[in-house]
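User: I am new to this structure and would like to go through it step by step. Please keep the answers short.

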Amino acid sequence: MTTAEQLKTLTEKLAALEAQLNGDSGPSAATGGSGSSPGQVTVKVPRERKLRKFTGVRDDHLIEDWILDAKRAISSQSETDAVDFLLYHLEGASKEELRRWPDEEKNTPEAIFQVLRSSFGEGLTSTQAMRKFSERRQKEKESKQDYSHSLMVLLSRVERLNPGAVTEKDRLL
């Protein structure tokens, strides 16, 4: 088969594929009978989610915010890709801490989150967190909205540490 014959065969196959892609049948499909130009293909690529690096600050609020952002960023990834993604977004003390743990204790995203919580969370018990909630008073010049938000954050920390500890959350707030 000569080059000209190969080119003609490939051109015919391309026209048939374009017709099939456009949902048309017959010879007019190659000329763009469906209204879209032949050869025009729209490809949608999911956007890559950005995630800030976690350096290992010992603050319960920061680690929980980072974990929430990380969960959103890895929601559509496979487990191995998610682990790689999370490890890439750790630096400093957090990266060093994770290196010290055995591989089987950091092979899933949830395991990584657990290691980070245990190492960089405040380390409060649910009783201590409940005491912080109960002792929280509105500060001078603090808006009601800011005060209620801080109470909700404190109460969510209690719930995270002990899911059954808070009953009638709305009433308690």
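User: What pattern does the chain follow, read along the sequence?

Analyst: This is a predicted model. The chain has 8 helices and 0 strands. Read along the sequence, its pattern is therefore written with helix symbols alone: α-α-α-α-α-α-α-α.

User: What percentage of the residues of the chain count as buried?

Analyst: A residue counts as buried when its relative accessible area is under 20%. The chain has 173 residues. The part of them that counts as buried is 28%.

User: How much area does the chain expose, and what share of it do carbon and sulfur atoms supply?

Analyst: The exposed area of the chain is about 12,300 Å². Carbon and sulfur atoms supply a share of 52%.

User: Among contacts between residues at least 6 apart in sequence, what share joins residues at least 24 apart?

Analyst: Contact here means heavy atoms within 4.5 Å. Counting contacts in the chain between residues at least 6 apart, the share that joins residues at least 24 apart is 52%.

User: How many salt bridges does a search of the whole structure find?

Analyst: A pair counts when a side-chain nitrogen of Lys or Arg is within 4 Å of a carboxyl oxygen of Asp or Glu. Aspartate 69 and arginine 52 form one such pair, at 2.6 Å from N to O. Aspartate 69 belongs to helix H2 (residues 60-73), while arginine 52 sits in the loop between helix H1 (3-22) and H2, 17 residues apart. Over the whole structure, the number of salt bridges is 8.

User: Is aspartate 69 buried, partly exposed or exposed?

Analyst: Buried means under 20% relative accessible area and exposed means over 50%. Aspartate 69 has a relative accessible area of 26%, so this residue is partly exposed.

User: Which residue forms a salt bridge with glutamate 110?

Analyst: The closest N and O atoms of the pair are 3.6 Å apart. Glutamate 110 lies in helix H5 (residues 109-120) and its partner in helix H2, so the bridge ties together parts that are 39 residues apart in sequence. Glutamate 110 is partly exposed at 43% relative accessibility, and its partner is partly exposed at 35%. That partner is lysine 71.

User: In which helix do glutamate 96 and arginine 99 both lie?

Analyst: The side chains of these two residues meet in a salt bridge of 2.8 Å, N to O. Glutamate 96 is partly exposed at 37%, whereas arginine 99 is exposed at 52%. They are 3 residues apart, about one turn of the helix, and that helix is H4 (residues 93-100).

User: Which residues do salt bridges that share partners join into one network?

Analyst: The bridge between aspartate 69 and arginine 52 was described above. Shared partners join these two with a further residue into one network. Its members are Arg52, Asp69 and Arg72.

User: Which residue has the backbone oxygen that the side chain of serine 94 reaches?

Analyst: Serine 94 is in helix H4 and is buried, with a relative accessible area of 0%. Leaving out residues up to four places away in sequence, serine 94 touches Phe54, Thr55, Gly56, Leu116 and Phe120. Its side chain reaches a backbone oxygen at 2.7 Å, and that oxygen belongs to phenylalanine 54.

User: Which residues form a nonpolar patch on the surface with about 320 Å² of accessible area together?

Analyst: One member, valine 43, is found in the loop between H1 and H2. Valine 43 is exposed, with a relative accessible area of 63%. The patch is formed by Leu21, Val41 and Val43.

Notes. Residues numbered from 1 in each chain as written. Predicted model: local features only at pLDDT ≥ 70, side-chain atom pairs only at ≥ 80, totals over all residues. Heavy atoms only, no water. Helix = DSSP H or I, 4+ residues; strand = E, 2+ residues; numbered from the N terminus. Buried < 20%, exposed > 50% of the residue type's maximum accessible area, 1.4 Å probe, protein only. Polar contact = N/O pair within 3.5 Å; in protein donor to acceptor, adjacent residues only side chain to side chain. Areas by Shrake-Rupley, 256 points an atom, 1.4 Å probe, with all protein chains shown as cover. Patch = residues over 30% accessible without salt bridge, like charges linked within 9 Å, V, L, I, M, F, W, Y side chains within 5 Å.
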